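Grab a viewer and work through a few short exercises with me. Each one sets a task and then walks through a solution.

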Amino acid sequence: MQKYAALIAVGALAISLQPALSQSTRPPTAKVIGTIAAATATELDVTGSDGTKTAVTLTPKTRIALSIPISVDEIKPGSYIGAGAMADGKGGNTAVEITVFPESARGLGDGFHKWDQGPNSTMTNGTVSEVVGTSDRTLTVTYKGGKQSVTIPSGTPIVTFSNADANALTVGAHVVVRAAKAFDGTLTAAFVSVGKDGSTPPG
């Protein structure tokens with residue numbers, strides 16, 4: 001359980017908290033999105049949607065998680081989630097992607113932050129206190145010191161995570177890699193999210 005919580009911590013904090021840090025306090029990082037072209041014990045080669053190929057170093061410290069698509073019906077009062085969204089200009093947020101965290105990750109990244117998907121993007125990590133609607137559902141997500149309204153349009157990617165290892169890094173699998181970037185431009189993966197059964201993990 002401790003190892004699993006550590007994996008989720010790496011991924012959740014990289015996704016949710018990094019954008020809230022100032023440029024002067026966070027190390028250079030990179031996000032690589034695409035499909036696996038090749039994988040060895042020490043390197044992952046990723047092909048982006050534009051055909052760009054990126055090599056990322058894997059180490060024993062690289063954390064790997066399987067991203068598992070789930071139904072919106074899995075989100076219930078009491079669920080602990082991370083909601084990547086866009087501010088709707090009316091005091092609420094329209095979801096772009098939702099992560100339902102396992103119980104071992106409850107409390108990670110708790111709060112409302114700016115996100116790295118544009119000037120109006122937001123990230124809310126908290127507990128669902130209310131679910132309203134049957135199609136475009138609206139959640140009330142509470143966290144220490146506040147709450148946010150998040151509407152989930154039909155078709156919004158919704159996932160949970162499970163622990164995985166290098167066996168999940170198969171050619172053709174969709175991945176999102178969070179990596180440290182060295183001064184020479186080389187990348188070392190801290191966290192790799194792999195889509196299960198051909199699915200695409202949220203970025």
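The exercises below deal with salt bridges, strand pairing, a histidine contact, aromatic pairs and one threonine. Keep in mind throughout that this is a predicted model.

**Exercise 1. Charged partners of D116**

Task: Find out which residues form salt bridges with D116, and work out what parts of the chain these pairs tie together.

Solution:

Step 1. Start with the total: the structure holds four salt bridges.

Step 2. Look at K31 and D116. Their closest N and O atoms are 4.0 Å apart, and the pair counts as a salt bridge. The cut-off is within 4 Å.

Step 3. Place the two ends. K31 sits in strand β1 (residues 29-39), while D116 belongs to the loop between β7 (111-114) and β8 (121-132), so this bridge ties together parts 85 residues apart in sequence.

Step 4. Now go to the other partner. D116 also forms a salt bridge with R178, with 3.5 Å between the closest N and O atoms. R178 lies in strand β12 (residues 174-181) and D116 in the β7-β8 loop, so here the parts tied together are 62 residues apart in sequence.

Step 5. Put the two together: through shared partners, salt bridges join K31, D116 and R178 into one network.

Step 6. Check how accessible each member is. K31 is partly exposed at 29% relative accessibility, and D116 is partly exposed at 34%. R178, at 7%, counts as buried.

**Exercise 2. A salt bridge to classify**

Task: For the salt bridge between E103 and R106, decide whether each side chain is buried, partly exposed or exposed.

Solution:

Step 1. Get the distance: the side chains of E103 and R106 meet at 2.7 Å, N to O.

Step 2. Apply the accessibility cut-offs, where exposed means over 50% and buried means under 20%. E103 has a relative accessible area of 57%, so the label is exposed. R106 comes out at 35%, so the label is partly exposed.

**Exercise 3. What pairs with β1?**

Task: Which strands pair with β1, and in what sense?

Solution:

Step 1. Take β12. β1 and β12 pair in the antiparallel sense, over seven bridges. To see one of the bridge partners, pick V32, whose partner in β12 is V177.

Step 2. Take strand β2 (residues 43-47). This pairing with β1 is antiparallel too, over four bridges. Here A39 has L44 in β2 as its bridge partner.

Step 3. Trace the connection: a hairpin of three residues joins β1 to β2.

Step 4. Link this back to Exercise 1. K31 lies in β1 and R178 in β12, and those two strands pair with each other.

**Exercise 4. The side chain of H113**

Task: Which residue's backbone oxygen lies 3.1 Å from a polar side-chain atom of H113? Is H113 buried or exposed?

Solution:

Step 1. Locate H113 in strand β7.

Step 2. Identify the backbone oxygen: the residue is G109.

Step 3. Read off the accessibility. H113 has 15%, so this residue counts as buried.

**Exercise 5. Two ring pairs**

Task: How many aromatic pairs are there, and what geometry does each have?

Solution:

Step 1. The count comes to two aromatic pairs.

Step 2. Examine Y80 and F101. The centres are 6.0 Å apart with 40° between the planes, and the pair is tilted. Y80 lies in strand β5 (residues 80-87) and F101 in the loop between β6 (93-100) and β7, so the pair ties together parts 21 residues apart in sequence. Y80 is buried at 3% relative accessibility, and F101 is buried at 11%.

Step 3. Examine F161 and F191. This pair is edge-to-face, with 6.3 Å centre to centre and 65° between the planes. The label follows because edge-to-face needs an angle over 60 degrees. F161 lies in strand β11 (residues 158-163) and F191 in strand β13 (residues 187-195), so the parts tied together are 30 residues apart in sequence. F161 is buried at 10%, as is F191 at 4%.

**Exercise 6. Around T99**

Task: Which residues does T99 touch, leaving out those up to four places away in sequence?

Solution:

Step 1. Find T99 in strand β6. At 10% relative accessibility, T99 is buried.

Step 2. List the contacts: Y80, I81, G82, V159 and F161.

Step 3. Compare with Exercise 5. Y80 appears there in the tilted pair, and F161 in the edge-to-face pair.

Methods: Residues are numbered from 1 along each chain as its sequence is written. This is a predicted model: local features need pLDDT of at least 70, side-chain atom pairs count only at pLDDT 80 or more; totals for chains, interfaces and linings use all residues. Side-chain values use heavy atoms; hydrogens and water are left out. Buried means under 20% relative accessible area, exposed over 50%, partly exposed in between (1.4 Å probe, protein chains only). Two strands pair if DSSP finds at least two bridges between them. A polar contact is a pair of N or O atoms within 3.5 Å; within protein, one must be able to donate a hydrogen and the other to accept it, and residues adjacent in sequence count only if both atoms are side-chain atoms. Rings of Phe, Tyr and Trp (its six-membered ring) pair if their centres lie within 6.5 Å; planes under 30 degrees apart count as stacked, over 60 as edge-to-face and the rest as tilted. Contact means heavy atoms within 4.5 Å.
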